[in-house]
Amino acid sequence: MKGTITTIQRMSIHDGPGIRSTVFLKGCNMRCKWCHNPETWSGQKQLMQTAGRCIGCRTCFETCRNSAISIVDNNTSINREICTVCGDCTEACPSKVLSIVGKQIDCDSVVELLKEDVPFYKESDGGVTVSGGEPVMQPEFTLALLKACHEEGIHTAIETNLCYPQELLKPLLPFVDLWLVDLKIADSGLHKEWTGQDNTAIIGNISYLYSVQVEMVIRTPVIPGVNDSIRELLDIENLITGLAPGTPHQLLEFHCLGFNKFSSLGMFNPMPNCRSFLPGHFEKLKQELNSKKQIIVQ
């Protein structure tokens, strides 16, 4: 069983309880305009170009068998319409300007790597988190990976948008110890405007997961100018209360640290002018929300 991943982030403390290893899968069915991991949108390998490193040696130009690379003003220019992502240029480039994002790997190899961190999982009550992109875009690989981790006694979590049919969700239930679910916007029309998908399936799946009593945390990335008003956040809170009362809800502070990836991948950045919150503003926003709803937002 093989899947396509971008990376395995070890010693993570932000993707579930304890110390974790997070496996990032390629492919996503949403197009959130604020995404800081656009390299996970496509399920295919991509050529990434790191700005500021090119030394103008022309090695990549001379190596490319499809003439997809040219040198303009001592910088590498890629014609992505004819680039086949063969990797010849990445191996030849002495300054590592070019790299391939995404690699196929078999499930057993991933599990063997993850098992190296078992002592850290046990010491910290941590485990493995499968993330993306959207991991259920690779349903068979995701299922195999979660099942294999369970067989090794490793705690499992999945970061998911739940925007898919329930028949893809149900096979995962025995092998997921913690569901980390994104609920970004309460209004379905606005959800589609900002993410490319409405939230109908998400709402249905949250309700279903609550009914089968899984451990679940609902998370909302708070984006300036999108869903950072008290009214919008209260709407999300009320929606969660109706769907899954008592379920923990976490607000995640937006950052734009990954926005440079759009240009590195030759992709259009849909929110080039979006900026992170000013220092202290996000905490004040949470405090105001708590005072309005008389709840504790984590």
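**Figure 1. Asp-88 and its salt bridge to Arg-65 in the predicted model.** Asp-88 is partly exposed, with a relative accessible area of 21%. Its partner Arg-65 is exposed, at 58% relative accessibility. The side chains of the two residues form a salt bridge with an N to O distance of 2.4 Å. Asp-88 belongs to helix α2 (residues 88–92), while Arg-65 sits in the loop between α1 (59–63) and β4 (69–72). The pair is 23 residues apart and links distant parts of the chain. Side chains of opposite charge can pair when their charged atoms come close.

**Figure 2. The salt bridge between Asp-235 and Arg-231 in helix α9.** The N to O distance between these side chains is 3.0 Å. Asp-235 and Arg-231 are four residues apart in α9 (residues 230–243), which means that about one helical turn separates them. An α-helix has 3.6 residues a turn, so residues three or four places apart point the same way. Both residues are partly exposed: Asp-235 has a relative accessible area of 31%, and Arg-231 one of 49%.

**Figure 3. Helix α9, its span and its buried residues.** With 14 residues at 1.5 Å a residue, α9 should span 20 Å, and the C-alpha atoms at its ends are 20 Å apart, so the two values agree. The buried residues of α9 are Ile-230, Glu-232, Leu-233, Leu-234, Ile-236, Glu-237, Ile-240 and Leu-243.

**Figure 4. Other salt bridges in the model.** Lys-184 and Asp-182 pair through their side chains, with 2.9 Å from N to O. Lys-184 and Asp-182 are both buried. Elsewhere, salt bridges join Arg-10, Glu-116 and Asp-117 in a network. The count for the model comes to 10 salt bridges.

**Figure 5. Asp-15, a buried charged residue with no salt bridge.** Asp-15 is located in the loop between β1 (2–12) and β2 (20–25). Which side chain of opposite charge is nearest to Asp-15? That side chain is Arg-219, 4.9 Å away. A salt bridge requires the nitrogen and the carboxyl oxygen to lie within 4 Å. Apart from residues up to four places away in sequence, Asp-15 touches Gln-9, Arg-20, Thr-22, Phe-24, Thr-129, Glu-159 and Leu-180.

**Figure 6. The surroundings of Leu-146 in helix α5.** Leu-146 is part of α5 (residues 139–151) and is buried, at 1% relative accessibility. When neighbours within four places in sequence are set aside, its contacts are Val-130, Thr-156, Ala-157, Leu-172, Phe-175 and Val-176. The C-alpha atoms of Leu-146 and Thr-129 are 8.8 Å apart in space, and the two residues are 17 residues apart in sequence.

**Figure 7. The largest nonpolar core and a second, separate one.** The largest nonpolar core has 66 residues. Those with the most contacts inside this core are Val-23, Leu-114, Leu-145, Leu-162, Trp-179 and Ile-206. Helix α9 gives the most to the core, with six residues. Leu-162 is in contact with Glu-134, Leu-169, Trp-179, Val-181, Ala-201, Ile-202, Asn-205, Ile-206 and Leu-209, leaving aside its neighbours within four places in sequence. The second core, separate from the largest one, has 10 residues, including Cys-64, Ile-69, Val-97 and Leu-98.

How values were computed. Residues numbered from 1 in each chain as written. Predicted model: local features only at pLDDT ≥ 70, side-chain atom pairs only at ≥ 80, totals over all residues. Heavy atoms only, no water. Helix = DSSP H or I, 4+ residues; strand = E, 2+ residues; numbered from the N terminus. Buried < 20%, exposed > 50% of the residue type's maximum accessible area, 1.4 Å probe, protein only. Contact = heavy atoms within 4.5 Å. Core = buried A, V, L, I, M, F, W, Y, C linked by side-chain atoms within 4.5 Å. Lys, Arg positive; Asp, Glu negative; His and termini not counted. Expected span 1.5 Å × (residues − 1).
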